Amino acid sequence: MKKIFILTFFLTSNFSLIAQENTKMNKKLNKTDTEWKEILSPQQYHILREKGTDRPGDFGYTNTFDKGTYFCAACNAQLFDSDTKYESHCGWPSFDDAIKGAIHFNSDITLGMVRTEITCATCEGHLGHIFDDGPKETTGKRYCVNTTSIKFVKSNN
Ligand SMILES: [Zn+2]
């Protein structure tokens with residue numbers, strides 16, 4: 001009888017530890033504007049926190065097609081796999097899909113347009129917008145992302 005009690009206690013306490021870990025992992029990153037200004041460059045702050053837009057062009061990651069992973073430039077969350085990057089000729093890095101759960105979608109009615117803004121699900125940093133003119137053979141979506149909002153890490157193989 002005693003043994004069972006001890007075992008139950010052990011299991012229960014273990015489960016609550018796991019639950020605590022999960023809560024920690026899913027915790028949103030909430031920083032103040034001042035804290036973000038300390039971490040980010042002025043350009044990163046403008047794009048990620050003030051919802052700015054990189055000027056279009058061939059610079060940055062627009063023409064990067066190496067194998068690897070794209071991370072959030074603010075919080076390092078994994079956002080896009082290089083397998084989903086494609087040449088859209090729109091002047092910004094474009095992806096037809098994102099890593100599951102990494103992106104939040106928000107309605108954006110600024111500039112007299114109805115668009116869907118995409119943000120990092122972890123820190124709510126502004127990434128860009130999503131459009132329905134992506135490759136039809138895959139998702140049909142175009143995740144149009146600012147180079148400033150992401151960081152590319154090349155894979156070794
Ligand atoms: Zn982030």
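Asn-76 is partly exposed, because 14 other C-beta atoms lie within 10 Å of its own, a count between the cut-offs of 12 for exposed and 20 for buried. The structure is a predicted model. Asn-76 sits in the loop between E1 and E2. Its phi is near 70°, a positive value in a residue other than glycine. Most residues other than glycine have a negative phi.

His-89 also has a positive phi, near 60°, and is likewise not a glycine. This residue is found in the loop between strand E3 (85-86) and strand E4 (94-95). His-89 is exposed, because it has 7 other C-beta atoms within 10 Å and the cut-off for exposed is 12 or fewer.

The loop of Asn-76 leads to the first sheet described here. This open sheet has 3 strands in the order E2-E1-E9, and the pairing is antiparallel. Strand E2 (78-81) and strand E9 (150-154) stand at the edges. Each has a single partner strand, so one side of each is left without a neighbour in the sheet. Neighbouring strands of this sheet are turned by 30° against each other on average, direction ignored. Strand E1 (residues 68-72) is joined to E9 by 5 bridges, and the two run antiparallel. Within this pair, Cys-72 has Ile-150 of E9 as its bridge partner.

The loop of His-89 links two strands, E3 and E4, that belong to another sheet. This open sheet has 6 strands in the order E3-E4-E8-E7-E6-E5. Its pairing is antiparallel. The edge strands are E3 and E5, and each pairs on one side only.

At the E5 edge, strand E5 (residues 103-108) pairs with strand E6 (residues 115-120) in the antiparallel sense, over 6 bridges. One bridge partnership sets Phe-105 against Ile-118 of E6. E5 and E6 form a hairpin with 6 residues between the strands. In this hairpin, Leu-111 takes a positive phi near 60°.

E6 also pairs with strand E7 (residues 126-131). Here 4 bridges join the two strands, which run antiparallel. Glu-117 has His-129 of E7 as its bridge partner. In a regular strand the side chains alternate between the two faces of the sheet.

Key:
Residues numbered from 1 in each chain as written. Predicted model: local features only at pLDDT ≥ 70, side-chain atom pairs only at ≥ 80, totals over all residues. Pairing = 2+ DSSP bridges. Axes fitted to C-alpha atoms, helices over the stretch in contact; angles between N-to-C directions.
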